[in-house]
Every structure is written in structure tokens, then in C-alpha cells.
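Here is a set of short exercises for reading a protein model step by step. Try each task yourself before you look at the solution.

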Amino acid sequence: PMITGGLATVKNYYLQGYDIARQFLPADRYAIVLEQAFSMDWVDFMKDTTRYKNVILDIHIYHCFDPNLWSMSFAQNLQQSNGPDRYSIARQTLPVVLGEWSSAYTQNAYGEPLPNAAVQAFVKDFVAIQMNISESDPNRAGWFWWCFKTEKSWAWNWFYHVEEKLSLAPNQRVGPRMPVAYLYPPENAGFGGTTGTTGTTAPATSGSTGSSGTTGSTGSTGTSG
């Protein structure tokens, strides 16, 4: 949106692009994916489903890139994920895919040392909540973890999370996805560092990992090559 006309220009480009693309890509065979352009202002965009069919909004949520979140405690990060982050996705009227996400949450996410026990416990819930956000609603189209494997940065390394049991691969997960419910609004959860009550969610559908992976009935992984 950092161009002349801002987000309005991007939206107009998408509207024109949709009509052109559909001349060659029929809606019954191809989805058209729109990147969010660093904005959540997409409610009611392309809401005429008789004209705009099989359109997906690609949203990226990263705590590590938001300076307002860097000073948050573990509990506050979880409440942010299960409160404002969840709401910003749930309110969208287009189906949503979480096109990039990871367990990175600090300003120095690329250089963090390997996690100690406390960080591992937090990461397990942080990952589970973000998966739940992406899978728990029929209007969700899944997720892609960024990325499958890295040389150094563990927070971006899906393979590391599976090896260290900080998360499970999509085809290994059965039953409830989110072991802890962090209540929102904050006054109901003790925003200063205490957590909410225990809860479970219904089984989800599927997910996918990798920066250019593909999805399947139980999820599949892709590499970044």
C-alpha cells in the first residue's frame, strides 16, 4: 500500500486483476489468493460471491515484527494471539489462509539462542494457538509455516519444532489442537502474566508447511527452494 493511492490502489488492482485472471483460470479449478498488503482492512471486500468466487485472503501475523509487542510476557503474547490476532482473522469475510507464520516472537528472532524449558513450554502453546486460529473455523483455508528448515534460527525452523516435540506434523495431530485457552478480553485472564482456564477445541481439518509447500487432505510439507 506504500504507493500512490495506498490501499485503495491495491484493492482496485485486485478487482481488475480478478476479472483478467478469471478469463484463463476458471473458479471451479483455481483459487485466486490476495496478499493482505500489510492491512487488515479487507472486511466485505469482494463480498459479492455470485461474481467473486474461490478467492482467498493471505494474512501474515508476526509478533517479532511488531515493536508494540516486543516487551510482552509469555502470557501476554498468548493472549494477544488468542484475542486481537484471532479476532482480526475471524472478522474477515473472505476465506483466510495464514500464509506465513512461525514461533518467532522477539525483536532478535533471527539470533535467539536455543530455547530453555520455559521458552519451550511457551512455544508449544504459542504454536498450538496459531494453528487453532488457522484451522478451527470453516472459513479458514489452512496455513504455511515459514519455513521448513533453517541453518541457524530455530524459531523459523519447522523441522526443529517437530524434532523437539514443540509441535507435531499435520498428519501426526489427532484430537484437540489447543491445550490452553487464554481468555480475552484481558480483564478476564489476568493480563499481567496469569493464564486463563483450560479448554479444548474441535478437531481441525488440514494444514501445510513450507514457504512454497502444497496442501493435501492431511497436510503436506514443502521446501523453500
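The exercises below go from the overall layout to single residues.

**Exercise 1. Find out how many helices and strands the protein has, and in what order they come.**

Solution. Keep in mind that this is a predicted model.
- Step 1: count the elements, which gives four helices and four strands.
- Step 2: read along the sequence, and the pattern is α-β-β-α-β-α-β-α.
- Step 3: look at the contacts with a separation of 6 or more; residues 24 or more positions apart account for 67% of them.
- Step 4: look at burial, and you find that buried residues make up 45% of the 225 residues.

**Exercise 2. Work out which parts of the protein have the highest and the lowest confidence among its elements.**

Solution.
- Step 1: begin with the whole protein, where pLDDT averages 77 and 73% of the residues score at least 70.
- Step 2: compare the elements. Strand 1 (residues 32-35) has the highest mean pLDDT, 96, and strand 4 (residues 140-145) the lowest, 86.
- Step 3: turn to residues 174-225, where pLDDT stays under 50. For this stretch the model has 113 contacts beyond four places in sequence.

**Exercise 3. Find the salt bridges and say which parts of the chain they tie together.**

Solution.
- Step 1: recall the idea that side chains of opposite charge can pair when their charged atoms come close.
- Step 2: apply the cut-off, a side-chain nitrogen of Lys or Arg within 4 Å of a carboxyl oxygen of Asp or Glu. The count comes to two salt bridges.
- Step 3: take the pair Asp 41 and Lys 11, with an N to O distance of 3.9 Å. Asp 41 lies in the loop between strand 1 and strand 2 and Lys 11 in helix 1, so the pair ties together parts 30 residues apart in sequence. Asp 41 is partly exposed, at 46% relative accessibility.
- Step 4: take the pair Arg 51 and Asp 19, with an N to O distance of 2.7 Å. Arg 51 is in the loop between strand 1 and strand 2 and Asp 19 in helix 1, so this pair ties together parts that are 32 residues apart in sequence. Arg 51 is partly exposed at 43% relative accessibility, and Asp 19 is partly exposed at 32%.

**Exercise 4. Describe the largest cavity and the largest pocket, and say which element gives the largest share of each lining.**

Solution.
- Step 1: search the whole structure for cavities of 30 Å³ or more; there is one. The largest cavity holds about 40 Å³ of space.
- Step 2: list its lining, which is Ile 61, Ser 81, Asp 85, Ile 89, Leu 98, Gln 130 and Ile 133. Helix 2 and helix 3 are the elements that give two or more residues to this lining, and helix 2 has the largest share with three.
- Step 3: sort the cavity lining by class, and you get four nonpolar, two polar and one charged residues.
- Step 4: move on to the largest pocket, with a volume of about 390 Å³. It is lined by 15 residues, and Gln 36, Met 40, His 60, Ile 61 and Tyr 62 are the closest to its centre.
- Step 5: sort the pocket lining too, which gives six nonpolar, five polar and four charged residues. Helix 2 gives the largest share of the pocket lining, three residues.

**Exercise 5. Look at the backbone: which bond is cis, and where do Met 46 and Lys 165 lie?**

Solution.
- Step 1: recall that most residues other than glycine have a negative phi, and most peptide bonds are trans.
- Step 2: check omega. A cis peptide bond joins Trp 146 and Cys 147, with omega at about -5 degrees. Cys 147 sits in the loop between strand 4 and helix 4.
- Step 3: check phi. Met 46 has a positive value near 50 degrees, and Lys 165 has one of about 60 degrees.
- Step 4: place both residues. Met 46 is in the loop between strand 1 and strand 2, while Lys 165 is in the segment after helix 4.
- Step 5: test burial, where under 20% relative accessible area means buried and over 50% exposed. Met 46, at 5%, is buried, whereas Lys 165, at 62%, is exposed.

Methods: Residues are numbered from 1 along each chain as its sequence is written. This is a predicted model: local features need pLDDT of at least 70, side-chain atom pairs count only at pLDDT 80 or more; totals for chains, interfaces and linings use all residues. Side-chain values use heavy atoms; hydrogens and water are left out. pLDDT is the predictor's confidence in each residue, from 0 to 100. Contact means heavy atoms within 4.5 Å. Buried means under 20% relative accessible area, exposed over 50%, partly exposed in between (1.4 Å probe, protein chains only). On a 1 Å grid over the protein atoms alone, a cavity is a set of points where a 1.4 Å probe fits but cannot get out, and a pocket is an open set with protein on both sides within 12 Å along at least five of seven lines; lining residues have an atom within 4 Å of a point. Grid points are joined across faces, edges and corners, and a volume is the space filled by probe spheres set on the points. Ala, Val, Leu, Ile, Met, Phe, Trp, Tyr, Cys and Pro count as nonpolar, Asp, Glu, Lys and Arg as charged, and the others, Gly among them, as polar.
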